[in-house]
Amino acid sequence: NEELLKILVCPETRQPVAVAGAELIARLNGEFESGQLRNRGGEAVAAAIQEGLIREDGKILYPVEDGIPVMLIEESIEL
């Protein structure tokens with residue numbers, strides 16, 4: 001939703017977020033399949049990434065699960 005995207009920001013830095021591209025999602029899912037993808041809380045990511053929001057500086061991805069952005073710092077993924 002474009003209106004929601006306009007108001008969402010990173011809870012840590014308040015930087016805007018944008019929809020992550022397919023190439024980044026594919027790379028992260030490759031790490032997921034090999035068991036190497038971890039969130040910032042240190043836990044293995046439990047499911048493949050379908051969608052994500054990337055922080056403006058390109059360093060953090062917030063997963064989107066069932067159309068709902070998970071904007072929790074510990075659930076985010078460092079890129």
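**Exercise 1. Classify Glu12: buried, exposed or partly exposed?**

Solution. Glu12 has 39% relative accessibility, so Glu12 counts as partly exposed. The cut-offs are these: buried means under 20% relative accessible area, exposed means over 50%, and partly exposed lies in between (1.4 Å probe, protein chains only).

A note on the source: this is a predicted model, in which local features need pLDDT of at least 70 and side-chain atom pairs count only at pLDDT 80 or more, while totals for chains, interfaces and linings use all residues. Residues are numbered from 1 along each chain as its sequence is written, and side-chain values use heavy atoms, with hydrogens and water left out.

**Exercise 2. Find which residue forms a salt bridge with Glu12 at 2.8 Å, and where the two partners lie.**

Solution. Start with the rule: a salt bridge is a side-chain nitrogen of Lys or Arg within 4 Å of a carboxyl oxygen of Asp or Glu. The partner is Arg40, with 2.8 Å from N to O. Next, place both residues. Arg40 sits in the loop between α2 (22-33) and β2 (51-55), and Glu12 in the loop between α1 (2-7) and β1 (17-19). Those names follow DSSP runs, numbered from the N terminus: helices are H or I of at least four residues, strands are E of at least two. The pair is 28 residues apart and links distant parts of the chain. Last, check exposure: Arg40 is partly exposed, at 32% relative accessible area.

**Exercise 3. Trace the salt-bridge network that contains Glu12.**

Solution. Step one: Glu12 also bridges to Arg55, with the closest N and O atoms 3.3 Å apart. Glu12 is in the loop between α1 and β1 and Arg55 is in strand β2, so this pair ties together parts 43 residues apart in sequence. Step two: Arg55 meets Asp57 in a salt bridge of 2.9 Å, N to O. Step three: compare exposure. Arg55 is buried at 8% relative accessibility, whereas Asp57 is partly exposed at 33%. Result: Glu12, Arg40, Arg55 and Asp57 are linked in one network. The full count of salt bridges is five.

**Exercise 4. Locate Gln50 and state how far it is from Cys10.**

Solution. Gln50 is in the loop between α2 and β2. Gln50 counts as exposed, at 64% relative accessibility. From Gln50 to Cys10 is 40 residues in sequence and 19 Å in space, C-alpha to C-alpha.
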